[in-house]
Amino acid sequence: MSSKQKLVIIGAGMASGRMLEHLTDAAPDAFDITLFNAEPRGNYNRIMLSPVLAGDQSYEDIVTHDDAWYAARGITCRFGERVTAIDRAAKVVTGESGPVAYDHLVFGTGSDPFMIPMPGHDLDGVIAYRDLEDTEQMMAMGAGNRVVVIGGGLLGLEAAAGMAARGADVTVVHIMGHLMERQLDPAAGYLLRKSLEEKGIKVLLNAKSTEIAGENGQVRALLLEDGTVLPCDLLVMAVGIRPSIALAQETGLAVGRGIHVDDQMRTSDPSVFAVGECVEHDGAVFGLVAPLYDQAKVLAETLQGRDAVYKQKSLSTKLKVTGCDLFSAGDFAEGDGREDIVFRDPARGVYKRLVIEGDRLVGAVMYGDTADSNWFFGLIRDGDDVSDMRETLIFGPAFQGGGAADPLSAVAALPPEAEICGCNGVCKSTITDAIAAGATDLGAIRAETKASASCGTCTGLVEQLLQVSLGDAFQMPTEQPICGCCDLTHEDVRRLIKSQALKSQEAVWQELGWKTVNGCHVCRPAVNFYLLVDWPLDYRDDPQSRFVNERKHANIQKDGTFSVVPRMWGGITTPDELRAIADAADKYQVPTVKVTGGQRIDLLGVKGEDLPFIWADLNKAGMVSGHAYSKGLRTVKTCVGTDHCRFGTQDSTGLGIKLEQVLWGSWTPHKLKLAVSGCPRNCAEATCKDIGVVCVDSGYQISIGGAAGMDVKETELLVQVATEEEAIEVVMAVTQAYREGAKYLDRLYKWMAKVGLDWIKDTLVDDLENRRAHAERFELSQSIYRTDPWAEHAKQAQRYQPLSDLTLEAAE
Amino acid sequence: MSWIDIGALDDVPLRGARLVKTRVGCVAVFRTAEAEVFAASNTCPHKNGPLSEGIIHGQSVTCPLHNWVFDLNTGEAQGADDGRIATYPVRIDGGRILLDAASLDQRSAA
């Protein structure tokens, strides 16, 4: 015995377990080994707790080392016993049942789950997902139980899926904008969310937990910052892990986030080593199993006095949830010269993204089809040169080899039975046969075969087939797609957003086959607008998809300053408002004050960082944004009407103010200008507005489709109504029909030219029920958007300031 | 390299940008993904448009004044436009954004 070296290990986890395997295989008689473990059991495969939770495996199935294994190797097991002290000078470890001396000491203390220290985190029924005890608590959940999981990462989702499979009502609360944001991009996160929702799991994103409510010491509900209350019988916190370093720190070893180790897994004390999730190596800490196994191998070599070096490698992730096929590997961090290749197959729910740097593949994300993931991971890990197969790389190994790749060759190489149109089940040969029989454009193919006639997302493939088959004889269709990011027209995208109930930008990009990661400056504002019109309650306006003016709620000028235009309802103002405007102009040194054509006052030349403060001042005087910058309602211009004018027939000013109060804040495809004139003399110039009202003795003439810009158009009469109420309802209905139907950036007259005035009359004048329904949908949207953006933004003044000012750093 | 902490990652909106004032002019810090940032000159070489106010897509930004598009990796204008913006090394560490101050000094010395 005395000739053996004394090895003491603290922690019987997967890393130290693997190290023991290597060590006892290579040098069975060299060490006298003592193994401490705080958990009352030996090494089991923690990764497989998810299948245990889901009921696919039992605990016995996932035990890596049983009692017999330890006995056969002569390892002294001190399980269920905590280490209380370490004397490094005397080389003695003391446990709860007594001391043991060592020559070499190994820390394998693993990690602790991070518990958010919010009120109620110590209630019964609030658990982490870390060990068998946690798993057993989750396994007790079934039909009739409600569970909330905080954390939409790998572990949280596996816990959620496991409990949902047992019949529990599960809600996942995630603070970020998409699931598994460290491993997935938003598109793959969207698909994952969709699959989980199909399993009955509710997913709340951008959701901040504030408090856990309890009753008699038992968890009852989770409260969110927005006031949502989520009742629950069990709350699982799966928000991350932290290396368990307390013992090492007390012992005086060098620690940072983890226990510092060198390339040989040696700590700051040459007789003490560490391995696994408790270590920090070269600035990194570890949570996946592959690097832990690499470390275990290196440590076993080091302990035998052999040279070995631990090197960090690329990592890959797979989620162990049945039916959610996803894979992520490599690195998506910033760097020079990176390029993306994106492939989407909406019909099959497939998304693939490759990140290329120079001639090498550095990252990959896949969802729905991960069959080639090992091949891609190999390319990333080995740093292979992929320049020769770049054009067809995303199609996987089956398309590689042979001569130079032509972008169309992937389509040409598809077998005749390959399905092209998933909606109608049309295969390649059906289409090529139709082409051979004389169908030479998209319309003819659709008529003959139904290919691309339903959802339309295979349009690009069908066109490529036409091109492959006909060569130069095929001309691309004249209706242009929105931009280079997709193959669909604005009209197609609008139609598909409604018919497929697409409620997020990620959904649109994925289901409609976007070819870029997240669109461009052309399609993003359009898609953002279409979504907020069609799904006012489900979708929130995305400021980052807005042109600067609409994001900053001010008009950018050529020198980078902004103009500020407060609203003057119906063109009516007061001495107090004018004084407040004058004061603001003085205070912020506004160089130009101009009266606009929309009957209000423009303060030009305001500095970006002053915007929130000038808004706060104007707000204080009771004024709100005039939206002079928006594709939305601008102004309702009025004349003085019956109040003062001897010709006035109705209260045109009053109606103008009412219309402006109903419509303000609404987003429209392009700017929307209105006017109300009190008599046919038309002093408010209502007949060159998008919507104009001319008052007459017997009521209100509403005409639409005017413009006085690049095109000058006179409005056309839509209808005459008798009352103000009817006039307001018609205007709301027209505005909503324009919002729902027009192409983004088409003024109302362009939309009218497409659908025809007769259609608008049929829909909104003659059909009273339809008119009311349109007005109601408008009002629903306005319940969200009829607010002053200035008041909101004035509260976030710091966002308008520089992030940092380095000019204040002392010059060297 | 001399890394200066210029602020928290979370202070830059996703697919958004913030300004940093420096002795060589304004530098825009772009956040293109959850954990991906770039730093480049804020000034478009065409008509001095403020690039931090542009729409950010993929690893590119579109100038808000006349829609010039720049690749944030190289600073090169894309498509038919011809021009380049200076780019600066930047990295994320523990949720903070670090900018290489040395690269700013080199430019001022040049």
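# A walk through the two-chain model

Chain B averages a pLDDT of 89, and 95% of its residues score at least 70. The structure is a predicted model, and as a whole it scores ipTM 0.90 and pTM 0.65.

Chain A has 812 residues, of which 46% count as buried, and its secondary structure comprises 26 helices and 39 strands. Of the contacts in chain A with a separation of 6 or more, 62% are between residues 24 or more positions apart.

The interior of the model can be approached through its nonpolar cores. The largest nonpolar core has 91 residues, and A:Val149 and A:Val236 are those with the most contacts inside it. Leaving aside residues up to four places away in sequence, A:Val149 touches A:Gly156, A:Ala159, A:Ala160, A:Val170, A:Val172, A:Val173, A:Val236 and A:Ala238. Apart from this core lies another, of 45 residues, which includes A:Leu7, A:Met19, A:Ala248 and A:Phe286. As a general background to such groupings, nonpolar side chains in soluble globular proteins tend to be buried together.

Further along chain A, five strands form an open sheet of mixed pairing, in the order S32-S33-S34-S35-S38. Its edges are strand S32 (633-638) and strand S38 (716-721) of chain A, each of which pairs on one side only, and the twist from one strand to the next averages 15°. Within the sheet, strand S33 (residues 672-677) and strand S34 (residues 691-696) of chain A run parallel and are joined by four bridges; in S34(A), A:Val693 is the bridge partner of A:Val676. Helix H22 (residues 724-741) of chain A lies across S33, S34, strand S35 (699-704) and S38 of chain A, and runs at about 10° to S35(A).

From here the path leads to the contact between the chains, to which chain A contributes 29 residues and chain B 34 residues. On the side of chain A that touches chain B, strand S23 (338-345) and strand S39 (804-805) of chain A each supply at least two residues. Sorted by class, that side of chain A has eleven nonpolar, ten polar and eight charged residues.

Strand pairing also crosses from one chain to the other. S39(A) runs parallel to strand S2 (residues 16-22) of chain B, and two bridges join them. A:Ser804 stands opposite B:Val20 in S2(B), while A:Asp805 has B:Lys21 as its bridge partner in that strand. S2(B) is itself mostly covered, with six of its seven residues buried. Within chain B, S2(B) pairs with strand S3 (residues 25-33) in the antiparallel sense over seven bridges, and B:Arg18 has B:Val29 as its bridge partner in S3(B). S2(B) and S3(B) form a hairpin, with two residues between them.

A single residue of chain A offers another view of the contact. A:Val548 is found in helix H18 (residues 548-552) of chain A, and it touches A:Ile556, B:Glu53 and B:Pro64 when residues up to four places away in sequence are not counted. Why does A:Val548 count as buried? The reason lies in its surroundings, because 22 other C-beta atoms lie within 10 Å of A:Val548, and 20 or more are enough for a residue to be called buried. The C-alpha atoms of A:Val548 and A:Tyr629 are separated by 9.4 Å, although these residues are 81 residues apart along the chain.

Definitions and conventions
Residues are numbered from 1 along each chain as its sequence is written. Chains are lettered from A and ligands numbered from 1 in the order in which they are written. This is a predicted model: local features need pLDDT of at least 70, side-chain atom pairs count only at pLDDT 80 or more; totals for chains, interfaces and linings use all residues. A nonpolar core is a set of buried Ala, Val, Leu, Ile, Met, Phe, Trp, Tyr and Cys residues joined through C-beta atoms within 7 Å. A residue is buried if 20 or more other C-beta atoms lie within 10 Å of its own, exposed if 12 or fewer, and partly exposed in between; C-beta atoms are placed from the backbone. Two residues are in contact if their C-beta atoms, placed from the backbone, lie within 7 Å. pLDDT is the predictor's confidence in each residue, from 0 to 100. Ala, Val, Leu, Ile, Met, Phe, Trp, Tyr, Cys and Pro count as nonpolar, Asp, Glu, Lys and Arg as charged, and the others, Gly among them, as polar. Two strands pair if DSSP finds at least two bridges between them. Axes are lines fitted to C-alpha atoms, for helices over the stretch in contact, and angles run from 0 to 180 degrees between N-to-C directions.
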